[in-house]
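Subject: Structure handover

Dear colleague,

I am passing on to you the structure shown below, together with some notes on what was found in it. Please have it open while you read, as the notes move from one part of the chain to another.

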Amino acid sequence: QVRLAESGGGLVQAGGSLRLSCAASGSIASIIDMNWYRQTPGSQRDLVASITSGGSTNYADSVKGRFTISRDNAKNTVLLQMNSLKPEDTAVYYCNAGILDSLRRLSSYWGQGTQVTVSS
């Protein structure tokens, strides 16, 4: 069984920083891509940032220049460093990963979500 566990959310003032972490565990053969999504009540879940196994990154326009995604392949973790936070960044942030398990099955996994609240 594969599991994603997130940490690092919380309350911060506008202009501040937070770092989210997500660790994958279980019967993992390899992790293809690792992503961060966010969702506000009544809205769809939107992609914030993604990173491939080779380190290529992609960001939503709204976070470019402020957020940085990185991963540690040896530890099966992905980080999201969020700087210059704005109230509109308030959301539940979800970790997502495309993982090849020990039986060579490729599936998409989700974390439980972590709340990020930015006060004005």
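**The cysteine pair**

Both C22 and C95 are buried. Please keep in mind throughout that this is a predicted model, and that the values in these notes were computed from it.

The two cysteines are joined in a disulfide, with 2.1 Å between the sulfur atoms of C22 and C95, and the number of disulfides found comes to 1. The link between C22 and C95 is left-handed, with an angle of -80 degrees about the S-S bond. Because C22 belongs to strand β3 (residues 18–25) and C95 to strand β9 (residues 91–101), the pair ties together parts of the chain that are 73 residues apart in sequence.

**The sheet that includes β3**

Strand β3, which carries C22, is also part of an open sheet of 4 strands, whose order is β1-β3-β8-β7 and whose pairing is antiparallel. At the edges of this sheet are β1 (3–7) and β7 (67–72), each of which pairs on one side only, and the twist from one strand to the next averages 15 degrees. Between β1 and β3 the antiparallel pairing extends over 5 bridges, and one point at which you can follow it is L4, whose bridge partner in β3 is A24.

**Two hairpins in succession**

Further along the chain, strand β4 (residues 28–39) runs antiparallel to strand β5 (residues 46–52), and 6 bridges join them. Within this pairing, Y37 has L47 in β5 as its bridge partner. The two strands β4 and β5 form a hairpin with 6 residues between them, and in its turn G42 has a positive phi of about 80 degrees.

Strand β5 is also joined by 3 bridges to strand β6 (residues 57–59), and these two strands run antiparallel as well. Here A49 stands opposite Y59 in β6. A hairpin is formed by β5 and β6 too, with 4 residues between them, and G55 in that turn has a positive phi of about 100 degrees.

**The aromatic cluster and R45**

The count of aromatic pairs comes to 2. In one of them, the ring centres of Y94 and W110 are 6.5 Å apart and the ring planes stand at 80 degrees, so this pair is edge-to-face. Since Y94 is in strand β9 and W110 in strand β10 (residues 106–110), the pair ties together parts that are 16 residues apart in sequence. Strand β9 is therefore the strand of C95 and also that of Y94.

How do Y94 and W110 stand with respect to the surface, buried or exposed or partly exposed? With a relative accessibility of 13%, Y94 counts as buried, whereas W110, which has a relative accessible area of 38%, is partly exposed.

Ring pairs also bring in Y37, so that Y37, Y94 and W110 are linked into a cluster. Y37 is the residue already mentioned as the bridge partner of L47 in β5.

The arginine R45 is placed over two rings of this cluster. It lies over the face of Y94, at 3.6 Å from the ring centre, and the charged end of R45 also sits over the ring of W110, 4.7 Å from the centre of that ring.

With best regards

Methods. Residues numbered from 1 in each chain as written. Predicted model: local features only at pLDDT ≥ 70, side-chain atom pairs only at ≥ 80, totals over all residues. Heavy atoms only, no water. Disulfide = S-S within 2.5 Å. Buried < 20%, exposed > 50% of the residue type's maximum accessible area, 1.4 Å probe, protein only. Pairing = 2+ DSSP bridges. Axes fitted to C-alpha atoms, helices over the stretch in contact; angles between N-to-C directions. Phe/Tyr/Trp six-rings, centres within 6.5 Å; stacked < 30°, edge-to-face > 60°. Lys NZ or Arg CZ within 6 Å of the ring centre and 35° of its normal.
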